[in-house]
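User: Please take a close look at the empty space in this protein, and describe in one connected account what surrounds it.

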Amino acid sequence: MAHPTQVEPSFLHRLAKHSPESEKWGGIRETSVKEINANQFPHKKIEEWRFTDLKTFTRTDFVPFSEAGTLPATDIEQYYIPESDRSRLVFINGMFQEKYSSIGGLGNGVTFGNLADYADHKATEEYLNKLVNYENDVFVPFNGLMFEDGAFIHLEKGAKAEAPIQVLNLYTDSKQAYIATPRMLVVAEEESDVTIIEDHIGLSANEYMTIPVCEVKAKQGAHIHHVRIQRDSRSALHVSRPIAYVGKNSEYHSYTITLGAKLSRNEPRVVQEDEEVDFTLDGLVLIDGEQIADTHSVMDHRFSHANSHQLHKVVVNGKAHSIFNGKIFVRRDAQKIDSFQENRNLLLSIDGLVNTKPQLEIFADDVLCSHGATIGQLDPEEVFYLQSRGMTEEKAKEVLTYAFALETIENMKVESVHKLLIDEVYRYTKANNVEKVTV
């Protein structure tokens with residue numbers, strides 16, 4: 001198989017030499033090579049990347065995880081959610097782990113398992129690598145060049161998953177920096193219903209790079225509830241590409257929680273494919289130290305009658321840096337659109353940094369769209385009020401920070417995940433000493 005050679009070798013070009021041969025994914029491999037050759041690696045002179053510098057990672061000598069001598073994962077069970085005891089897919093460094101997975105069945109018409117075992121499935125042949133339309137991108141094709149396993153979820157017409165499907169991605173410890181390329185394909189046929197919990201967890205503090213790509217197809221009348229939790233190593237680079245297409249009368253609700261990684265770049269996209277759709281693209285980011293969390297989202301309204309919602313909340317402490325660029329597109333024929341977007345940022349330190357740019361591009365005239373962004377610190381009067389009711393200053397700040405962050409996770413339908421995220425928010429507020437607020 002050919003490898004990229006047509007342009008000046010870049011960071012990913014060097015890594016691409018390690019791509020595994022594959023009969024199953026041969027077509028995707030060939031397409032990916034062409035796309036990598038046609039696009040340059042992102043740098044700060046590109047407008048969409050001007051706040052995010054990848055130089056630190058491009059100087060790292062990453063290798064495929066199979067060459068890194070990674071250590072086995074231990075205590076995997078502690079990351080299981082009890083609601084998914086019959087519906088769990090476990091991947092370690094992007095490779096499927098059958099012995100840790102549970103595929104006991106979720107009712108008639110619900111199929112899930114390792115993508116490599118469903119390479120000949122009709123849904124795979126029709127949609128895999130065909131939904132990802134990231135322009136001028138090198139990360140999607142790099143995933144296409146490197147992945148072997150992945151999560152496959154398919155619901156037949158009218159099928160209802162009886163429990164949430166947990167897709168657990170674990171990254172092991174290693175002395176050598178390595179790369180992992182998780183992949184996921186979700187196809188929900190007409191009038192089907194499923195909840196997915198996608199979790200990324202770094203088991204140690206080692207350096208690695210993960211590039212997850214997720215393709216979702218929600219056909220007419222389908223309902224998908226998708227929770228994404230990013231708890232990578234604090235030395236990791238996480239670049240994710242989740243994209244969903246929503247059909248007539250369908251719903252897609254996505255909630256992304258960003259807690260880990262040294263640098264994360266998440267680019268969620270939702271594309272409306274017909275009328276009468278409802279979708280959500282909410283997010284919560286909790287970062288401190290020198291973490292960088294960069295979110296570039298797109299909500300693409302292409303037909304009339306749609307409701308869309310995006311609430312992106314961020315808490316920044318230390319020297320952490322948050323970037324948000326949220327685009328709402330309303331095309332010419334997309335009338336009767338009701339779209340809401342808001343980015344709220346809470347700065348807990350004077351050295352923290354927030355860059356935010358909500359964007360509206362509206363080409364239709366009968367729409368109701370709003371967007372906005374706020375950046376602020378804890379309100380001294382609110383802190384003083386709680387102190388007057390007997391709280392210490394430290395406790396008052398914890399309570400206010402906790403309350404700010406919780407709004408995004410109130411819509412979690414799975415009880416154990418809801419509790420998990422409440423605990424994560426609590427740990428964050430306890431761990432971060434908020435700087436003094438003066439009255």
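**The largest pocket and the cavities**

Analyst: The lining of the largest pocket is made up of 9 nonpolar, 7 polar and 11 charged residues (Ala, Val, Leu, Ile, Met, Phe, Trp, Tyr, Cys and Pro are nonpolar, Asp, Glu, Lys and Arg charged, and the others, Gly among them, polar). The model is predicted, so local features need pLDDT of at least 70 and side-chain atom pairs pLDDT 80 or more, while totals for chains, interfaces and linings use all residues. Residues are numbered from 1 along each chain as its sequence is written, and side-chain values use heavy atoms, leaving out hydrogens and water.

The volume of this largest pocket is about 560 Å³. It is lined by 27 residues, and those closest to its centre are Glu 48, Tyr 134, Glu 135, Glu 267 and Arg 269. Two or more lining residues come from each of β17 (269–272), β19 (292–301) and β21 (321–330), and among the elements β19 gives the most to the pocket lining, with 4 residues. On a 1 Å grid over the protein atoms alone, a pocket is an open set of points with protein on both sides within 12 Å along at least five of seven lines, a cavity is a set where a 1.4 Å probe fits but cannot get out, and lining residues have an atom within 4 Å of a point. Points are joined across faces, edges and corners, and a volume is the space filled by probe spheres set on them; strands (E, at least two residues) and helices (H or I, at least four) are DSSP runs, numbered from the N terminus.

Turning to the enclosed spaces, the search of the whole structure finds 4 cavities of 30 Å³ or more. The largest cavity has a volume of about 90 Å³. Of the 14 residues around the largest cavity, Gln 230, His 238, Thr 256, Thr 258 and Asn 266 are the closest to its centre. At least two residues of its lining are supplied by each of β13 (223–231), β14 (237–246), β15 (251–258), β16 (263–266) and β19, the last of which also contributes to the lining of the largest pocket. By class, the lining of the largest cavity has 3 nonpolar, 9 polar and 2 charged residues.

The second largest cavity has a volume of about 80 Å³. Thr 256, Asn 266, Asp 282, Gly 283 and His 312 are the closest to its centre among the 13 residues that line this second cavity; Thr 256 and Asn 266 are therefore listed for both cavities under the lining rule. β15, β18 (277–287) and β20 (306–316) each supply at least two residues of the second lining, with β18 giving the most, 5 residues. The lining of the second largest cavity divides into 4 nonpolar, 8 polar and 1 charged residues.

For the wider setting, an unreviewed UniProt entry lists residues 178–404 as "domain: SUF system FeS cluster assembly SufBD core"; UniProt positions follow the numbering used here, with feature names shortened, and annotations may be inferred rather than shown by experiment. Across residues 178–404 the chain is 60% strand and 9% helix, with 36 Å between the end C-alpha atoms. The unreviewed entry also has "domain: SUF system FeS cluster assembly SufBD N-terminal", covering residues 27–167. Over residues 27–167 the chain is 21% helix and 18% strand, and the end C-alpha atoms are 26 Å apart.
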